[in-house]
Amino acid sequence: MNKDRSMLLQKEMIARHFDRLEAAPQTGEKVVYTFVPGNLTELIRSFGALPLLPEINALQSGMRGKSRAYIAEAEKAGHSADVCTYVKADIGMMMSGNIGPTGTRLPPPDLLLLSYTGCYTFMKWFELLREQYDCPTVFLQVPYQGDGSLLPEHREYIVRQLREDVIPALERVTGRPYDEDKLREMLALSAKAEDDLVAVLHAAKQRPSPIDSYFGGVYYIGPIFSAFRGTPEGVEYYEALREEVEQRLADGEGPETPSGRLDDQQFRLVVEGPPNWTSFNEFWQMFSDEGAVVVASTYTKVGGTYDFGFRHDPSDPLGTLADYCGGCYTNHNLPGRIDMLVQYVKEYQADGFLINSVKSCNSFSAGQLMILREVEKRTGIPGGFIESDLVDPRYFSAANIKNRLESYFQMLRERRRAGVGAAGPVQQGSTP
Amino acid sequence: MMSPRQRRSAIVAWARDLYEDLDFLSVRRWLDAEPGRHAAGILPVYVPREIVHAAGMLPVGIHGGGSMEIIRGDAFYQSYICHLPRSVVELGQSGRLDAFSAMLFPSTCDVIRNLSGMWKLLRPSVYVRYVDLPQVNVAERAMDFWQGELAHLGRDLAAITGVELDEARLWASIRLYDRSRALVEQLYQARREQPWRVPSEELYVLLRAGEVVPVEEWNERAEEYLEVSAEDPGRVRDNARVVLVGAFCEQPPLGLIKTIERAGCTIVDDDLLIGNRLIRGPVDDGQEQDPLRAMARALLSRSRRTSILYEPDPTGKRRLVPELVKESGADGVIFAAPSFCDPALLDRPMLRAGAEAAGLPCIAFEYAENTGQFQQFREQAGTFSDGIKLWIAPTGEEGRT
């Protein structure tokens, strides 16, 4: 598959970051383990510390074919077959020498920052990791949006924890005082990168879509969901990405896919749920071979729902971090998630809506069958449902998934032929 | 005049009827007895019943459908999600929960969390609230948060019932539940000391009755049970003493509890229905003037350690089971978790490592609320019991107490 310039740029950024992480025990840079949803990258980096995200390591292990052995290692040690495979891949990696996705040794954490946002398993994950590391843990509870919004008292609760728990913990670990001016500067950089990311995501409203918002989207969100939000490198990456996408838009080109450049787009899809990582390209190709492009996805919002308007606000540094944490996708209640999906289907003029339900993530998966029915009911477009897993290859059945997808696309074709609820043949260069 | 044995049988029969009542007929009768009454359904594991009671509602534990046939509920969940939510949906979709004015979903796990959103869509006319338990390990901060959550919940429920939720009402409810918690403690203590006096099967159905009847009524029944069981303690049995760990949310079938005990393992402590005793000791301990603050302080300072709450002590998970075993004088541990239960199964490696490091014999299995075949459990528990009696605690239960 041809690589975009932005992909190469990202690869270099990530490699440099992992080199710094590997050298941290020698350079004295402090390392903070934390999670993608509700990550406090700007705050961590304002103290000169480096974030390390276990989910990213786990998914990278999946993409690089290492997760099977790591999961087996964890299960041998007594971890259940029925729990999150990210956790088991991470623990298995740690038990196997803690060699990270780029082949470098990962440093032990100086702080476990448990940002408890949108996923119960996060709490157990760090309780488990904590047993292996001699370092403090600081807990940030981000209340769930059970009633559909982050209540003012919940926002204040998060701010208070940031001020009274998280910042003092970072001060103790790094030996540096909290520098709010520096944090503001970084938040301004975040907002700039977020503008560019949203422009990229919105480009999928055009026909042909110059991006794939799911399989390509996971690359686009990489820097902003991990270590680079609030950094000049992050800003540079998103400027380059936006430029690249806008050029494709101007040229009427589709995105690069495992089947080549996808200019002839037969189906525009909205996808809910994380991808499978162990057969990522094979999975993607099942879509691209059929001319299907994903125009919007929810997984790419687990680290922030920027396309619904949120931007980090330097004028209210801790308040904006609270808003950010509260607004991550899996911290929204089910009706809120359905509203988002319905909006995507309509705004992006999707032909279909597909759920990839992963076995090991109850935060995403519990309730998805109801999401399917509600979105179908409210949009009139048919939904498809496939099942796989995050990083356990035992639960990716290529033949079954391909079979289901082919049937689904066949059904979309028949509907289009019959003139039922179809967006019509896709014309290049047109806008919805 | 009934004998103690007859009185015990009558209480157990009453409790068993309530346990088996999947139509919530007792709740409907209570609601129909006076106009304007309301009931609130509560999912496992913990929502403080005091608030619901003080707001003028009957708090009712919703513990799934047991072995009920699931028709509609399965259409809502993939095969890899635990059984409890599908039977709760079944109860809802079959109209059995129509009488409830409110449904409360505590932050037990992501499945119950997401079910709260599903319920909003399935029952738009019902008050639905996700109850986010305090998790931070700084007590004052967590207390402020939890006090605010309690106030919010109380206000909302009182708006439905029209009750004026004042401090006097709250204190009155707190004292009733303090009494209830004390009775549960006494029952557990009695079982620890004389397991033959309080067989787990009886204790369990009695506690399940407490999930659905008014607290005032349950307190009377529990007092009577303690009284009659002391008068007629039953026959001493020579069984291995075990702690049951991991069954705090989706409940095992009663048959499984009976099977474990009949196979030679007397349960002397467990985390079944742990919400009814999550707080140790009385909420009203004279430290706080404000009842909501008292509730918040009690939870944050005196809650039992469980998978649904963050464990701030890095050694806490490994210490938990050895401490439970020591407190209860048990010989071994049975890890019994519902299939696909994130809280129990993610905790298990830590808990088991702690138990094994302390040299405690352990076995583990998984169940579902509708498990119908118990042979494998009987064999496993029987072998476990034999092993303990032969090699570890050969003096027998009577000799050890």
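I took contact to mean heavy atoms within 4.5 Å. The model I examined is predicted.

**Entry 1: A:Q368**

I looked up the neighbours of A:Q368, leaving out residues up to four places away in sequence. In chain A, I found that A:Q368 touches A:E272, A:G273, A:R337, A:I355, A:N356, A:S357 and A:F385. From chain B, I noted B:Q78 as a further residue touched by A:Q368. I placed A:Q368 in helix α16 of chain A, which covers residues 368-379. I recorded A:Q368 as buried because its relative accessibility is 0%, and buried means under 20%.

I then examined the polar contacts of the A:Q368 side chain. I found one with the side chain of A:E272 at 2.9 Å, and another with the side chain of A:S357 at 3.0 Å.

**Entry 2: helix α8 of chain A**

I traced helix α8 of chain A over residues 180-202, a run of 23 residues. I noted a span of 32 Å from its first C-alpha to its last, close to the expected 33 Å. At the start of α8(A), I found a side-chain oxygen of A:D179 within 3.2 Å of the backbone nitrogen of A:D181.

I listed the buried residues of α8(A), among them A:L183, A:M186, A:L187, A:E194, A:D196 and A:L201. I noted that the cover over the buried residues of α8(A) includes α2, α9, α10, α11 and α13 of chain A.

**Entry 3: confidence**

I recorded ipTM 0.95 and pTM 0.96 for the model. For chain B, I noted an average pLDDT of 95, with 98% of the residues scoring at least 70. I marked residues 396-401 of chain B, where the pLDDT is below 50. For this stretch I noted 18 contacts in the model beyond near neighbours in sequence.

Terms used
Residues are numbered from 1 along each chain as its sequence is written. Chains are lettered from A and ligands numbered from 1 in the order in which they are written. This is a predicted model: local features need pLDDT of at least 70, side-chain atom pairs count only at pLDDT 80 or more; totals for chains, interfaces and linings use all residues. Side-chain values use heavy atoms; hydrogens and water are left out. Helices (H or I, at least four residues) and strands (E, at least two) are DSSP runs, numbered from the N terminus. Buried means under 20% relative accessible area, exposed over 50%, partly exposed in between (1.4 Å probe, protein chains only). A polar contact is a pair of N or O atoms within 3.5 Å; within protein, one must be able to donate a hydrogen and the other to accept it, and residues adjacent in sequence count only if both atoms are side-chain atoms. pLDDT is the predictor's confidence in each residue, from 0 to 100. The expected span of a helix is 1.5 Å times one less than its number of residues.
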